[in-house]
Amino acid sequence: MKENGLLLVNLGSPATPTTPDVKEYLKEFLSDQNVVEMPKVIWQPILKGIILPMRSWRSATFYRDCWQEEGSPLIINTKKLTVKVQDNLPDWDVEMAMTYGHPSIPEVLEKMKKNCQHITVLPLFPFFTKSTTQTIIEKVKYAAPDATIIDRFSEEKTYLDILSKTIQKAWDQGSYDKLIISYHGIPSAMVRHGDPYQDQTDAATREIIKRVNIPEEKVQMAYQSKFGPMPWLKPYLKNTLLKEAQLGHRNILLVTPAFVADCLETLEEDGIQNYQSFRENGGDNLTLVPCLNDNSEFAQFLSNLAISRNQEH
């Protein structure tokens with residue numbers, strides 16, 4: 001038995017890019033009341049009667065666009081990162097799990113409890129928000145109450161340095177009018193109810209601006225991936241891109257710090273849908289900074305963070 005185990009957790013993915021599997025995945029995801037706060041008695045009929053029948057087949061086409069031979073990009077990139085972190089921590093048992101879909105948090109934790117004296121869980125979300133990290137915390141507390149949970153890392157200096165260096169490298173390789181820092185959005189109501197996400201993204205943007213050699217007036221912040229009719233955090237990325245094109249800013253560099261692994265939202269939503277919309281409205285070049293994925297410095301940062309937090313406990 002090993003003394004320590006580390007579980008890296010990402011959001012999840014359908015098993016295949018087919019309509020039935022996408023529907024099953026969306027049903028689990030959108031039934032989570034940390035994601036959709038509407039009372040179940042109201043939301044479930046809407047979800048089952050309208051959302052899933054209309055959205056599943058459409059989402060399946062998007063997943064097919066970015067699906068790779070080995071499977072889901074999110075799963076592939078998370079696996080590669082897990083391997084690198086394991087290499088950095090040879091005396092630990094390093095595993096990965098998904099909040100929704102497989103491998104699930106409970107099944108992986110059950111296996112790890114047989115092999116590890118102490119488990120640290122690290123959600124691969126730099127920013128804490130109820131709609132992502134809280135569900136992980138609840139599942140971990142149920143399956144492994146004694147586990148240590150690192151619920152955010154966006155304020156860590158090393159993480160910000162690595163992210164900023166990645167942005168600077170991409171900026172220096174092109175000739176851009178603007179850098180847009182796009183975070184995954186959440187409903188505005190969550191912030192009104194006390195969710196710290198917006199404060200964290202504002203703080204991260206300020207720290208990035210301090211670290212990069214890019215004029216502050218050329219940096220714009222936005223939120224993406226809005227779902228449903230309720231207001232989400234603004235400005236919306238799509239509207240921001242259209243506005244920049246109208247202002248004559250036709251060459252844009254886009255970075256998405258809320259995602260550490262390239263996935264549907266970066267490869268399909270940004271790389272195809274938002275790119276096409278930007279081009280149709282006068283833009284020329286929308287370049288995506290790749291997510292950190294299995295960046296060696298990022299893997300080492302996560303390894304060191306796990307060691308540090310484990311020693312504190």
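**Figure 1. Val41 in helix H2 of the predicted model.** Val41 lies in H2, the helix that covers residues 40-66. With a relative accessibility of 70%, Val41 counts as exposed. Together with Met38 and Ile42, Val41 makes a nonpolar patch on the surface, with an area of about 280 Å².

**Figure 2. Salt bridge between Lys130 and Glu37.** The closest N and O atoms of Lys130 and Glu37 are 2.9 Å apart. This pair joins distant parts of the chain, the two residues being 93 residues apart. Lys130 belongs to helix H5 (residues 130-143), whereas Glu37 sits in the loop between helix H1 (19-30) and H2. Lys130 is partly exposed, at a relative accessible area of 28%, and Glu37 is also partly exposed, at 31%. In total, 12 salt bridges are counted in the model.

**Figure 3. Salt bridge within helix H4, between Lys113 and Glu110.** The N-to-O distance between the two side chains is 2.9 Å. Lys113 and Glu110 are separated by about one helical turn, because they are 3 residues apart in H4 (residues 105-115). Lys113 has a relative accessible area of 35% and is partly exposed. Glu110, with 38%, is partly exposed as well.

**Figure 4. Salt-bridge network that includes Arg211 and Glu207.** The side chains of Arg211 and Glu207 meet in a salt bridge with an N-to-O distance of 2.6 Å. Both residues are in helix H8 (residues 197-211), and their spacing of 4 residues there amounts to about one helical turn. Arg211 is partly exposed at 28% relative accessibility, and Glu207 is partly exposed at 24%. Salt bridges also link this pair into a network with Lys157, Asp161 and Lys210.

**Figure 5. Surroundings of Lys178 in strand E5.** Strand E5 spans residues 178-184 and includes Lys178. Lys178 counts as buried because its relative accessibility, 9%, is under 20%. The side chain of Lys178 makes a polar contact of 2.9 Å with the side chain of Glu244. Beyond residues up to four places away in sequence, Lys178 touches Glu244 and several others, among them Trp171, Glu217, Lys218, Val219 and Gln220. Its further contacts include His249, Asn251, Ile252 and Leu253.

**Figure 6. Buried residues of helix H9 and the elements that cover them.** Helix H9 comprises residues 237-246. Its buried residues are Leu237, Thr240, Leu241, Leu242, Glu244 and Ala245. Glu244 is the residue whose side chain makes the polar contact with Lys178. The cover over the buried residues of H9 includes three strands, E5, E6 (219-224) and E7 (251-255). Helix H10 (264-280) and strand E8 (285-288) are also part of this cover. Just after H9, Gly248 adopts a positive phi of about 90°.

**Figure 7. Cysteines Cys116 and Cys291.** Cys116 has a relative accessible area of 5% and is therefore buried. Across the whole structure, the search finds 0 disulfides. Cys291 accordingly takes part in no disulfide, and the cysteine sulfur nearest to it, that of Cys263, is 6.1 Å away. The cut-off for a disulfide is a pair of cysteine sulfur atoms within 2.5 Å. At 8% relative accessibility, Cys291 counts as buried.

Key:
Residues numbered from 1 in each chain as written. Predicted model: local features only at pLDDT ≥ 70, side-chain atom pairs only at ≥ 80, totals over all residues. Heavy atoms only, no water. Patch = residues over 30% accessible without salt bridge, like charges linked within 9 Å, V, L, I, M, F, W, Y side chains within 5 Å. Areas by Shrake-Rupley, 256 points an atom, 1.4 Å probe, with all protein chains shown as cover. Salt bridge = Lys/Arg side-chain N within 4 Å of Asp/Glu carboxyl O. Buried < 20%, exposed > 50% of the residue type's maximum accessible area, 1.4 Å probe, protein only. Polar contact = N/O pair within 3.5 Å; in protein donor to acceptor, adjacent residues only side chain to side chain. Contact = heavy atoms within 4.5 Å.
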